[in-house]
Every structure is written in structure tokens, then in C-alpha cells.
Amino acid sequence: MATLKEILTRRPVAATIRLTVPAGGARPAPPVGPALGQYRLNLMAFCKDFNARTQKYKPDTPMAVTITAFKDNTFEFTVRSPSVTWYLKKAAGVESGSSRPGHVVASTITLRHVYEIAKVKQSDPYCQYMSLESICKSIIGTANTMGIQVVRDL
């Protein structure tokens, strides 16, 4: 339950914006510019903060960012690591998954790949309270729906 002080100090939210931006590649051009510009947010401040937060990732890594725009033209944002499907495609070395998952195998990966992806995803704010085992099971399920076979050893 929120206290009265927390309720009074909350700022009214104008919008929640979800974007996928390449790591270290936020520029005031589309898709960032039009999305933030319509809420009159400071584009350069977002670009500098985002690029500073994502400099440890390789360039052109797609990062999911959720921006909360407030009515007083300020914003907060959270950056998530790349999607599990992106990691699986990189580990398997394929451009896309199978056209018929369950019937045609697009590629194979090992449990070591799954474990490494789970270690990276565990740092996400949405997964930080999940056990490593449950994250691994989720990744294996995603790999199966993409037509990527998970094996013990290659």
C-alpha cells in the first residue's frame, strides 16, 4: 500500500513508450526522434544517457527500452538486454528460425549456450528474481518454438 507522501509526490504520466534501439546508436532521427518529440522530451539527453548505459554491448545489438514520459516534460527509462530469440539466432548462427518448428530443425545449440544466455538475462529487471533453472527452461522452450534443437553436447 502506498503512503500518502508517495501518492502526493508522484508525477502524472503522459505516456509509456517502448522502442527497440541499437546499442550505442540512439540518435535524434527515427525511430527515437518522432517517438519522443511528440511528448516534447529532451532528445539529446535521452540519446546521451542511453548510449552511455549501452556502451558495454556490441554496436547494433537491439536493446529494448521502456520510456516513461511525464507531463512536466521529464522522463525515466529502463533498458533491457536483447531478446532471447536474438541470442538464440546468434548462438545457432541462423538468420531466422524454422518455417515448420517441430518438423524441420533449423539448427542446434548446446546447453552451455542456454546457460550463458540465462546468465545474461538474469541481470534484466524482469528476471532478477527468477531462478537460473527457470530461465533456462524458458529459453529451451523458446528454442523449441523456433525450431532450434537443444542438445547436451555437439
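Reader: How far apart are the end C-alpha atoms of residues 17–75?
Author: UniProt lists these residues, in an unreviewed entry, as "domain: Large ribosomal subunit protein uL11 N-terminal"; its positions use the numbering here, feature names are shortened, and annotations may be inferred rather than shown by experiment. The model is predicted, so local features need pLDDT of at least 70 and side-chain atom pairs pLDDT 80 or more, while totals for chains, interfaces and linings use all residues. Residues are numbered from 1 along each chain as its sequence is written, and side-chain values use heavy atoms, without hydrogens and water. The span is 29% helix and 27% strand (DSSP runs, H or I of at least four residues and E of at least two, numbered from the N terminus), and its end C-alpha atoms are separated by 10 Å.

Reader: And what is the end-to-end C-alpha distance for residues 81–150?
Author: The unreviewed UniProt entry places "domain: Large ribosomal subunit protein uL11 C-terminal" here. This span is 50% helix and 10% strand, and the distance between its end C-alpha atoms is 22 Å.

Reader: Which peptide bond is cis?
Author: Look at the loop between strand S1 (13–22) and helix H2 (32–37), where Pro-31 sits. Omega is near 5° for the bond from Pro-30 to Pro-31.

Reader: Which residue other than glycine has a positive phi, near 70°?
Author: Go to the loop between helix H3 (43–53) and strand S2. The residue there with this phi value is Asp-60.

Reader: Leaving aside neighbours within four places in sequence, what does Pro-12 contact?
Author: Pro-12 lies in the loop between helix H1 (4–9) and S1. Counting contact as heavy atoms within 4.5 Å, its partners are Phe-70 and Lys-71.

Reader: How many residues does each domain give to the contact between domain 1 and domain 2?
Author: An automatic or database domain assignment gives domain 1 as 13–81 and domain 2 as 83–151. Their centres, taken over C-alpha atoms, are 26 Å apart. From domain 1 come seven residues, and from domain 2 likewise seven residues.

Reader: Which residues of domain 1 lose the most area to domain 2?
Author: Buried area is the accessible area (1.4 Å probe) that two parts lose on being put together, summed over both. The two domains bury about 620 Å², with 51% of it on carbon and sulfur atoms. On the domain 1 side, 68% of what is buried belongs together to Pro-62, Arg-80 and Ser-81.

Reader: Which elements give two or more residues to the side of domain 1 that touches domain 2?
Author: There are zero salt bridges across this interface (a side-chain nitrogen of Lys or Arg within 4 Å of a carboxyl oxygen of Asp or Glu). Each of the elements asked about is a strand: S2 (62–70) and S3 (75–80).
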